[in-house]
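Please look over the sequence and the model together before reading on. The paragraphs below are meant to be read with both in view.

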Amino acid sequence: EDYDNIRALLHDSYFLQISLTAVIATAVFGLLTGLFLFNLLTRRLDLLSRLMSAFRHGEFRQFVPYSGTKKASRHDEIDELGESYNEMATRIIEQMQALEEKDSLRRNLVANVSHDLRTPLASLQGYLETLKLKSENLPAEEQQHYLDIAYSHGLRLTQLVSELFELSKLDARETLPEMEPVALGE
């Protein structure tokens, strides 16, 4: 009976219906306004997040810089984060280019070193092969001449390998170069 009375009272009361409608409308309006303000607050963060994601998916080769806020008075933490992103992306791109240049130089060095090593090795091998095949027919003086040439190429090869080893130690920073006075004529 109490329940029916309250229900009838609510149903019949025009003032209560208007109040209930106003409360629901206010709640819906507050929710929509809150969502709109939340979108305004997170729009720049979302933009920055999309820029970072595009930079990552672009394999760190190129980036679109974060422009920040147009108003100088509104420089906040999000703009500072965007500036840090711009600096970081620029530095990463520069480092990637430097690594590619170093890799190219390393490949050229390996190609040159292999050519420089191959030349005395082929000469050494040729003279030793000649001695092996024609040792009975060659006079002792000519055999000694071929052995001397092979020996000098072996020394040259040893020198090239030791220079390459020294270069790798310098590159790995195991040994630091020492400055010493040198005659300019030399």
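What follows is a walk through a helix, a pocket, a set of charged pairs and one buried side chain.

The model is a predicted one, and a convenient place to begin is helix H4, which covers residues 140–171. With 32 residues at 1.5 Å a residue, H4 should span 46 Å, and because its end C-alpha atoms are 46 Å apart, the expected and the computed values agree. Within H4, the residues Tyr146, Ile149, Ala150, Gly154, Leu157 and Leu160 are buried, and the partner against which the buried residues of H4 pack is helix H3, residues 77–134. The spacing of such residues can be read with the helical repeat in mind, since an α-helix has 3.6 residues a turn, so that residues three or four places apart point the same way. After H4 comes Arg173, a residue with a positive phi, near 60°.

H3 and H4 meet again in the description of the largest pocket, which holds about 370 Å³ of space. The elements that each contribute two or more residues to its lining are H3 and H4, and H3 supplies the largest share, with five residues. The lining is made up of Lys102, Leu105, Arg106, Leu109, Val110, Leu164, Leu167, Ser168, Asp171 and Arg173, so the Arg173 that follows H4 is also one of the residues lining this pocket. By character, the lining divides into five nonpolar residues, one polar residue and four charged ones.

Charged side chains also deserve attention across the whole structure, where a search finds six salt bridges. In general, side chains of opposite charge can pair when their charged atoms come close. Where does Arg44 find its partners? One is Asp76, whose side chain meets that of Arg44 in a salt bridge with an N to O distance of 2.5 Å; this pair links distant parts of the chain, with Asp76 in the loop between helix H2 (14–57) and H3, Arg44 in helix H2, and their positions 32 residues apart. The other is Asp79, which meets Arg44 in a salt bridge at 3.1 Å, N to O. Because Arg44 lies in helix H2 and Asp79 in helix H3, the second pair ties together parts that are 35 residues apart in sequence. Arg44 counts as buried because its relative accessibility is 14%, below the 20% cut-off for that class, and Asp79, with a relative accessible area of 3%, is buried as well.

A salt bridge within a helix is formed by Asp103 and Arg106, whose closest N and O atoms are 2.7 Å apart. These two residues are separated by about one helical turn, because they stand three residues apart in helix H3. Asp103 counts as partly exposed at 28% relative accessibility, and Arg106, at 45%, likewise counts as partly exposed. Returning to the earlier pairs, salt bridges that share partners join Arg44, Asp76 and Asp79 into one network.

The last stop is Asn86, which also has its place in helix H3. Is Asn86 buried or exposed? Its relative accessible area is 16%, and therefore Asn86 is classed as buried. Leaving aside residues up to four places away in sequence, Asn86 touches Phe63, Pro65 and Tyr66.

Terms used:
Residues are numbered from 1 along each chain as its sequence is written. This is a predicted model: local features need pLDDT of at least 70, side-chain atom pairs count only at pLDDT 80 or more; totals for chains, interfaces and linings use all residues. Side-chain values use heavy atoms; hydrogens and water are left out. Helices (H or I, at least four residues) and strands (E, at least two) are DSSP runs, numbered from the N terminus. The expected span of a helix is 1.5 Å times one less than its number of residues. Buried means under 20% relative accessible area, exposed over 50%, partly exposed in between (1.4 Å probe, protein chains only). Contact means heavy atoms within 4.5 Å. On a 1 Å grid over the protein atoms alone, a cavity is a set of points where a 1.4 Å probe fits but cannot get out, and a pocket is an open set with protein on both sides within 12 Å along at least five of seven lines; lining residues have an atom within 4 Å of a point. Grid points are joined across faces, edges and corners, and a volume is the space filled by probe spheres set on the points. Ala, Val, Leu, Ile, Met, Phe, Trp, Tyr, Cys and Pro count as nonpolar, Asp, Glu, Lys and Arg as charged, and the others, Gly among them, as polar. A salt bridge is a side-chain nitrogen of Lys or Arg within 4 Å of a carboxyl oxygen of Asp or Glu.
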